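Work through the following exercises with the sequence and the structure open beside you. Try each task before you read its solution.

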Amino acid sequence: MTTPPENSAAWTTLAHLLRPQGRKGELLAELLTDFPERFEDRTQVFLAKPDFSGPASQARAITVTSHWLPVGRNHGRVVLGFEGIDSIDKAETLSGLDVIVPVTERVELDDDAEYISDLIGCAVFDGQDRVGIVTRVEFPASPDGSRRLEAAAPLLAVEDEAGTEVLIPYVQTFLVALRTEERRIDMRLPAGLIDLNRPAS
């Protein structure tokens, strides 16, 4: 991995570490990239507090040794193992940190793809109606959690002003415009989709 220059302040967040998962030092994390399988190729990353913008010397360089996608209530997240982190106590010291890489090392995307970290925090509009704010993105996975289902669309978890969450498929047929600089996603959703995807009362 190429080490970013000391004056670099441009980072991309791949995941946010939540808490230890199991007894071997692995951690459960919110996934902030639509390439969870890329952890197989990208083993060298940095750890830092959220919204970190400092030089590489102020972040912690670390090696990813394993990853897998959990199912059930943690569906859409990722479990990461790191070199030298082999106990619950060690894993707890990393809870709350972000997994980051320099922007210069971001994977080049296809024209119809976006970085999930660019979507988090965007306001979603259905026509003129404001649906809410994207809080995370879920990725459908195989029953054993070992691989992402490529044919299934990612789901935007959108929280409205009342704190209710609705899941919206992030597909090109629904997307009108994405303005990351304005933190806005314009969509044209099928009638009834939002009510259908709200949790039952």
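**Exercise 1. Decide whether Phe46 is buried or exposed, and find the aromatic pairs around Trp11.**

Solution. Begin with accessibility, where buried means under 20% relative accessible area, exposed means over 50%, and partly exposed lies in between, with a 1.4 Å probe and protein chains only. Phe46 has a relative accessible area of 4%, and therefore counts as buried. Trp11, at 12%, is buried as well.

Before going further, note that this is a predicted model, in which local features need pLDDT of at least 70, side-chain atom pairs count only at pLDDT 80 or more, and totals for chains, interfaces and linings use all residues. Residues are numbered from 1 along each chain as its sequence is written, and side-chain values use heavy atoms, with hydrogens and water left out.

Next, apply the rule for rings: those of Phe, Tyr and Trp (its six-membered ring) pair if their centres lie within 6.5 Å, and planes under 30 degrees apart count as stacked, over 60 as edge-to-face and the rest as tilted. This rule gives 2 aromatic pairs. In one of them, Trp11 and Phe46 are 5.2 Å apart from centre to centre with 70° between the planes, an edge-to-face arrangement. Trp11 belongs to strand E1 (residues 11–20) and Phe46 to strand E3 (residues 44–48), so this pair ties together parts that are 35 residues apart in sequence. Here helices (H or I, at least four residues) and strands (E, at least two) are DSSP runs, numbered from the N terminus.

Then turn to Trp11 and Phe52, whose ring centres are 5.7 Å apart with 55° between the planes, which makes the pair tilted. This pair also links distant parts of the chain, since Phe52 is in the loop between E3 and strand E4 (60–68), 41 residues apart from Trp11 in strand E1. Finally, put the rings together: Trp11, Phe46 and Phe52 form one aromatic cluster.

**Exercise 2. Find the salt-bridge partner of Glu30 and state which strands the pair connects.**

Solution. Start from the general idea that side chains of opposite charge can pair when their charged atoms come close. The rule used here asks for a side-chain nitrogen of Lys or Arg within 4 Å of a carboxyl oxygen of Asp or Glu, and by this rule there are 6 salt bridges. For Glu30 the partner is Arg77, with the closest N and O atoms 2.9 Å apart. Glu30 lies in strand E2 (residues 27–31) and Arg77 in strand E5 (residues 77–82), so the salt bridge joins parts that are 47 residues apart in sequence. Glu30 has a relative accessibility of 15%, and so counts as buried.

**Exercise 3. Which residues form salt bridges with Asp186?**

Solution. Take Arg179 to begin with: its side chain meets that of Asp186 in a salt bridge of 2.4 Å, N to O. Arg184 also forms a salt bridge with Asp186, and there the closest N and O atoms are 3.0 Å apart. Now compare each residue with the accessibility limits: Asp186 is buried at 8%, whereas Arg179 is partly exposed at 32% and Arg184 is partly exposed at 25%.

Arg184 takes part in a further arrangement, as its charged end sits over the ring of Phe125, 3.7 Å from the ring centre. The rule for this asks that NZ of Lys or CZ of Arg be within 6 Å of the ring centre and within 35 degrees of the ring normal.

**Exercise 4. Describe the location of Cys122 and the residues that it touches.**

Solution. First place Cys122 in the chain, where it lies in the loop between helix H2 (116–119) and strand E7 (123–126). Its relative accessibility is 0%, so Cys122 counts as buried. Then list its contacts, a contact being heavy atoms within 4.5 Å: leaving aside residues up to four places away in sequence, Cys122 touches Gly132, Ile133, Val134, Arg183, Arg184 and Ile185. Lastly, consider Arg179, which is 57 residues from Cys122 in sequence, while their C-alpha atoms are 8.7 Å apart in space.

**Exercise 5. How many helices and strands does the protein have, and what share of its residues is buried?**

Solution. The secondary structure comprises 3 helices and 12 strands. Of the 201 residues in the protein, 44% are buried.
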